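Okay, thanks for staying on, everyone. I'll put the structure up and then walk you through it piece by piece.

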Amino acid sequence: MHETIGAPRQAGSAPARSRMLPGHVRRWLLWGHRWFGLIGGILLVLIGITGSFIVFYREIDAALNPALYTPAGPQQTVTLSEVMRIAAAADSAPISTILAPDRTWPVWVVIHTHETQRGRFPNRWTTMVDPSNGKLLGRRDYVNAFALKVYRLHYTLLLYEWWGKELVGVVGFLMLGLAMSGLVLWWPRPGRFWRSVSVRKNVSLLRFVLDLHSAAGFWALFALLMISITGIGIIFPDVVRPIVGLLSQPTPDPSPQVETPPPAGTPLLSPDAMMRSAQAAKPGRTVAMLNPPTEARNTWRVQFRAKGADPAVRARGAIWLDPWTGSVVLDRASGSMSMGDRYLAEQLWLHNGAAFGLPGRVLVFIAGFAPIALFISGVMMWLKRRSGGTRTDRLVTAGRSSPRARSGGRAA
């Protein structure tokens with residue numbers, strides 16, 4: 001490990017240095033941290049800022065489009081069958097998802113799946129229905145609405161057709177690697193913890209930038225680790241599933257069928273009857289989302305959340321119902337899932353902080369701005385290094401152990 005040139009050796013520092021990485025390993029780690037950060041930094045900044053936005057994207061969407069999300073009254077008198085009939089009259093495309101009213105979107109939101117060119121992002125439109133009187137509040141292109149387009153920018157970089165989602169997953173691995181390498185490079189010597197996570201005044205610009213980089217990285221570390229790990233799992237579930245299985249064996253993603261359907265012509269139960277069956281199956285929970293049968297799945301899928309729960313957690317667990325009898329074909333509600341299944345099912349709520357309520361969402365919102373602080377400070381240190389030799393490297397490798405480093409390197 002290098003010390004700042006001219007700094008006197010401190011008593012007792014040798015044992016501390018002996019516990020750290022060898023100098024050549026640390027230099028290689030610093031080289032990788034710097035260059036991977038510079039190369040991938042713009043994408044990290046873009047994904048971070050859009051991630052902060054979509055933590056509250058439903059609230060933002062409702063604020064930008066009040067006419068679509070303002071019912072005439074608080075009462076909910078319109079049945080599910082009526083909602084589907086009104087939506088089908090406005091848009092004849094198949095209904096893929098129905099979102100029940102909640103505090104954020106207090107109207108019925110019906111999602112229609114339109115024909116999509118192969119390899120393109122699914123073409124979906126939404127119809128909004130007033131739950132108090134059945135009035136059609138409007139319909140729109142779901143994926144190109146402003147808030148949802150920002151969501152797509154975060155999730156696919158608007159490059160869905162060109163492996164955009166996978167690229168975002170790779171950036172997740174990059175952020176995980178930068179966070180871990182940054183932790184190793186930051187690791188302070190004994191007695192220097194608080195000094196290493198603070199930004200000091202009356203120091204040189206280089207020292208201030210280095211302080212800012214270290215402090216921002218530390219205070220955002222745990223949130224960035226959670227965001228990157230869950231983001232990787234959302235995009236690459238087959239990579240994460242075996243790792244989760246080491247602790248709690250998850251089951252394959254289900255799409256259960258009624259294997260022996262009744263004779264052709266047997267009438268299907270009405271959507272209202274399916275709603276009653278779902279409520280009877282889980283009487284202590286609120287129906288959050290419903291997915292009618294499709295060509296690939298002949299069952300109803302119904303997702304729930306706890307009564308009174310923050311609607312930011314859109315759903316926790318699901319059941320699949322027989323469309324002819326209303327009986328439960330498969331129960332994957334949260335109480336019946338293994339820990340592994342629950343983790344995989346709720347990665348999104350960990351990713352956006354909703355699993356921890358409003359404080360968790362605010363924390364993730366703030367953490368989304370950490371990449372821009374880290375990128376700008378990293379670029380400034382890189383530019384200073386190019387113009388000033390190896391001064392930055394010496395400050396980083398010396399840590400904050402020497403008097404000259406502690407004084408802020410005023411000679412820089």
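**A walk around the sheet**

Let's start with a helix that you can't miss once you find the sheet. Helix α4, residues 80–90, lies across β1 (95–99), β2 (108–114), β3 (123–129), β4, β5 (285–291) and β6. Its direction is at about 45° to β2. Before I go on, keep in mind that this is a predicted model.

So, the overall count: the protein chain has 17 helices and 8 strands. There are 412 residues in the chain, and 50% of them count as buried. If you take the contacts in the chain with a separation of 6 or more, 63% come from residues 24 or more positions apart.

Now the sheet itself. How are the 8 strands ordered in the open sheet? Reading across, you get β4-β3-β2-β1-β5-β6-β7-β8, with antiparallel pairing. At the edges sit β4, residues 136–141, and β8, residues 328–333, and each of those pairs on one side only. On average, neighbouring strands here are turned by 20° against each other, ignoring direction.

Let's zoom in on the β4 end. β3 and β4 run antiparallel and are joined by 5 bridges. If you want a residue pair to click on, try Thr126, whose bridge partner in β4 is Arg140. The hairpin of these two strands has 6 residues between them, and in that hairpin Gly134 takes a positive phi near 80°.

Over on the other side of the order, look at β6 (residues 300–306) and β7 (residues 317–321). They pair in the antiparallel sense too, over 4 bridges. Here the pair to click on is Gln303 with its bridge partner in β7, Ala318.

There's another helix on the sheet, α11, residues 271–281. α11 lies across β2, β5, β6, β7 and β8, and runs at about 130° to β7. One residue I'd like you to look at in α11 is Ser277. Is Ser277 buried or exposed? Its relative accessibility is 19%, so Ser277 counts as buried, the cut-off being under 20%. As for what Ser277 touches, leaving out residues up to four places away in sequence, that's Leu321 and Gly326.

Okay, away from the sheet, to a helix pair. The axes of α6 (residues 164–186) and α9 (residues 221–235) come within 9 Å, crossing at roughly 150°. That makes α6 and α9 roughly antiparallel to each other, because angles over 145 degrees count that way. The handedness of this crossing is left-handed.

What meets what between α6 and α9? From α6 you have, among others, Val168, Gly172, Phe173, Leu176, Met180 and Leu183, and the α9 residues they face as a group include Leu221, Leu225, Ser228, Ile232 and Ile235. Sorted by class, the contact has 14 nonpolar, 3 polar and 2 charged residues.

Last stop, α5, residues 146–156. Its buried residues are Ala147, Leu148, Val150, Arg152, His154 and Thr156. And where do they pack? Against α2 (23–55), α3 (57–64), β4, α6 and α13 (347–351). So α5 takes us back to two elements we've already met, the edge strand β4 and α6 from the helix pair. Right after α5 comes Leu157, with a positive phi near 60°.

That's my tour, so let's open it up for discussion.

How values were computed: Residues numbered from 1 in each chain as written. Predicted model: local features only at pLDDT ≥ 70, side-chain atom pairs only at ≥ 80, totals over all residues. Heavy atoms only, no water. Pairing = 2+ DSSP bridges. Axes fitted to C-alpha atoms, helices over the stretch in contact; angles between N-to-C directions. Contact = heavy atoms within 4.5 Å. Parallel < 35°, antiparallel > 145°, perpendicular 65-115°, else oblique. Left-handed = near helix turned anticlockwise from the far one by under 90°. Nonpolar A, V, L, I, M, F, W, Y, C, P; charged D, E, K, R; others polar. Buried < 20%, exposed > 50% of the residue type's maximum accessible area, 1.4 Å probe, protein only.
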